[in-house]
Amino acid sequence: MPSSATYPDTRKSVHDIPGRAMGIWAFVLAFLIPLLGLVLGIVAYATSRRAGVSNRLAVAGIVISAVFMVGAVIATIAVAAAGGF
């Protein structure tokens, strides 16, 4: 006969960790709308840091957004210098 012991549910939801959901959005938006991804990443990172937890997706969102934005600026300057506009 199987035991009917119940154990507490120790799984955590995305919403149980401060800034985690926003960090996921920052990561996704880093590829689509880098400026918004950067802002959300910074807010998510600050929120997680205040709560004392790590949020690697927020950091990744910040880094990817910054790289895409710098790349866009460099590409715009290169096209303008080549007389593309």
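Reader: In what order do the elements of the protein chain run from the N terminus on?

Author: They run α-α-α. This is a predicted model. The protein chain has three helices and zero strands.

Reader: How many residues does helix H3 have, and what span does it reach?

Author: Compare the end-to-end C-alpha distance with the ideal rise of 1.5 Å a residue. H3 covers residues 56-81, which is 26 residues. From first C-alpha to last it reaches 37 Å, close to the expected 38 Å. Gly-83 follows H3, with a positive phi near 80°.

Reader: Which residues of H3 are buried?

Author: Start with the general idea. An α-helix has 3.6 residues a turn, so residues three or four places apart point the same way. Now the case here. The buried residues of H3 are Ala-58, Gly-61, Ile-64 and Ser-65. Their cover includes helix H1 (20-32) and helix H2 (34-51). For the protein chain, buried residues make up 19% of 85.

Reader: Take Ser-65 in helix H3. Is Ser-65 buried or exposed?

Author: Buried means under 20% relative accessible area. Ser-65 has 0%, so it counts as buried.

Reader: What does the side chain of Ser-65 reach at 3.2 Å?

Author: It reaches the backbone nitrogen of Leu-38. A polar atom of the Ser-65 side chain also lies 3.2 Å from the backbone oxygen of Pro-34. Leaving aside neighbours within four places in sequence, Ser-65 is in contact with Ala-30, Pro-34, Gly-37 and Leu-38.

Reader: What share of the exposed area do carbon and sulfur atoms supply?

Author: They supply 70% of about 6300 Å² exposed by the protein chain.

Definitions and conventions
Residues numbered from 1 in each chain as written. Heavy atoms only, no water. Helix = DSSP H or I, 4+ residues; strand = E, 2+ residues; numbered from the N terminus. Expected span 1.5 Å × (residues − 1). Buried < 20%, exposed > 50% of the residue type's maximum accessible area, 1.4 Å probe, protein only. Contact = heavy atoms within 4.5 Å. Areas by Shrake-Rupley, 256 points an atom, 1.4 Å probe, with all protein chains shown as cover. Polar contact = N/O pair within 3.5 Å; in protein donor to acceptor, adjacent residues only side chain to side chain.
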